[in-house]
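Biologist: Hi, I'm new to this one. Can you pull it up and walk me through it?

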Amino acid sequence: MFVKLKSAFVFGINAYGVEVEVDSSRGLPAFAIVGLADNAIKESKERVRSALLNSSIPFKATRLTVNLSPADIKKEGSQFDLPIAIAIAIVNGVEISKNLNEFLFAAELSLDGKLRPVSGILPISIYAKKHNLNLVLAKENAYEASLAKANIYAFDNLSQVLGFLNGAVDAKLYEGNVVFEKADYEVDFSEIKGQHRAIRAALIATNGFHNIMLIGPPGTGKSMLAQRIPTIMPPMNEEEIIETTKIYSVAGLSKGSVITKRPFRALHHTASDISLIGGGADAKPGEISLAHNGVLFLDELPEFKRNVIEVLRQPLENGYINVSRAKFSISYPANFMLISAANPCPCGYYGSKFKKCTCSFDQIRRYRSKISGPFLDRIDLYVEMPEVDYDLIKTDSFCTSVDLRQKVIQAREFQSNRFVEEKIKTNSQLTPRLIKKYCKLDFQAEQTLKQAMQFMYFSPRSYTKILKVARTIADLATSDTILDSHIKEAISFKHIEN
């Protein structure tokens, strides 16, 4: 007897259809799974056998062959447990009244027949919605899967699923009612004392989604400011929520919930390049993809290994990362805002007002040379954060995250109205063609930029970075034309005195 059911597997952040074919024939008892299955799928034989027997469903001693089609693509995950168990139950005599071609099954089985959640359920749900299939899954996966607005049937165990398929159990479609809760933060910009220039730089960077580097002695608030950047970002829209949740679902980090808060990923300097960009044996998304639509924070940047920093160059320009290995190639989204922090020297007190630097010139040069010029050229804003005087520490700050976020939202609306016919959202994504179209300078601003290019030896990439930042500064002032003051401020954030 032969039975065929539909399932899916996730590759990258997208799901692809799989037909689970089960054939029962005469011969010596055997249970074989073919179709380039990984170890998790091959081990499903024992889970399926125990789940069927413990659910009082017969498991006859026949020759069983399970094929996962297409057979030339490697498949991973435990989501095939459920369709394999259902197909075996059917070939062993369990009657089914529902049309199996209308369903897609994805769930792991425990030994007692209970349905367990699987990673990557949101991409699978999106696939089911696209192909007009009813998705059958574990209850723990139902809320996350409902984000795709697919038809979902959620169950506790295998017996309930088989009862539903033969008409003995009356199951209703799962009603998710996903609520995009307002992001609530425990930190606020009002807690940062002094550092008015750094706060201004953070406002500009957040508005245009620009990369920023914070430089200053220890304890001046670099990490503190970086942790508060997400609090002034606009709330994520539905498209961004789905995209971000897909990534976390594939990585197994969503835990059945919907990601409504912008990601903030902070890495330790011992992180490897694979953990940063993703890949490895299981091709999981890396930190730059987990930071998609949010913030990636690299503290103590010179302490990172050189190769770890250099792998960021391509995604910083393109907004995605291609992970290529011998047998596969995956593209992950990686449109993140990079915030990096560094001390001015190994001891941290070069240029300090209160402590004397103990580093030699060669030590400072070697320390700074750990970060390459091409990487630094991809940073949009540099800001120095000096020590704060005692009087400023004791004063109250009137610059709250709510006030700054409102300014960002207003400026983003100004941007969105301009880019309504374009495929970009923020100024950091401006292409050379769009820079020429939207970055109009008045005469004095043009002269100022020309002089800066001549005397500060900016690269062509730095030239475009200055124009993008100036465009963002003009947006904060709701100005269509980039004025001289906007250019001067953008240049001031691009140049750091040694």
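Modeller: Sure. One term before we start: a crossing of two helices is right-handed if the near helix is turned clockwise from the far one by less than a right angle, and left-handed if anticlockwise. Also, keep in mind that this is a predicted model.

Biologist: Okay, so how does α7 pass α17?

Modeller: In a right-handed crossing. The axes of α7 and α17 (residues 401-418) come within 9 Å and cross at roughly 40 degrees.

Biologist: And which residues make the contact?

Modeller: From α7, I199, L203, T206, N207 and G208. On the α17 side, L404, K407, V408, A411, R412 and Q415.

Biologist: Which helix gives the most to the largest nonpolar core?

Modeller: That's α7 again (residues 196-208), with seven residues. The core has 50 residues, and those touching the most other members are F189, I212, L225, I229, M337, I339 and I487.

Biologist: Take L225 then. What does L225 touch?

Modeller: Leaving out residues up to four places away in sequence, L225 touches F189, I192, A198, I199, A202, L214 and M385. There's also a second, separate core of 44 residues, with V20, I88, I90 and A171 among its members.

Biologist: Switching topic: which residues of α2 are buried?

Modeller: In α2 (residues 44-54), they are S44, R47, V48, A51 and L52. Looking down the axis of α2, those buried residues fall within an arc of 125 degrees, so they line one face of the helix.

Biologist: What do they pack against?

Modeller: Five elements: β3 (30-34), α1 (39-42), α3 (81-91), β6 (108-109) and α6 (158-165). After α2 comes S56, which has a positive phi, near 60 degrees.

Biologist: You mentioned β3. Do β3 and β4 pair in the parallel or the antiparallel sense?

Modeller: Parallel, over five bridges. β4 (residues 63-69) also pairs with β2 (residues 14-25), but there in the antiparallel sense, over seven bridges.

Biologist: Which residue of β4 is the bridge partner of E21?

Modeller: N67. V34 has N67 as its bridge partner in β4 too.

Biologist: Last one, F180. Where is F180 found?

Modeller: In the loop between α6 and α7. F180 counts as partly exposed because its relative accessibility is 37%, and that class lies between the 20% and 50% cut-offs.

Biologist: What does F180 touch?

Modeller: L147, E238, I241, V258 and T260, again not counting residues up to four places away in sequence. F180 and V258 are 78 residues apart in sequence, with 8.1 Å from C-alpha to C-alpha.

Notes: Residues numbered from 1 in each chain as written. Predicted model: local features only at pLDDT ≥ 70, side-chain atom pairs only at ≥ 80, totals over all residues. Heavy atoms only, no water. Buried < 20%, exposed > 50% of the residue type's maximum accessible area, 1.4 Å probe, protein only. Helix = DSSP H or I, 4+ residues; strand = E, 2+ residues; numbered from the N terminus. Arc of directions from axis to C-beta. Contact = heavy atoms within 4.5 Å. Pairing = 2+ DSSP bridges. Core = buried A, V, L, I, M, F, W, Y, C linked by side-chain atoms within 4.5 Å. Axes fitted to C-alpha atoms, helices over the stretch in contact; angles between N-to-C directions.
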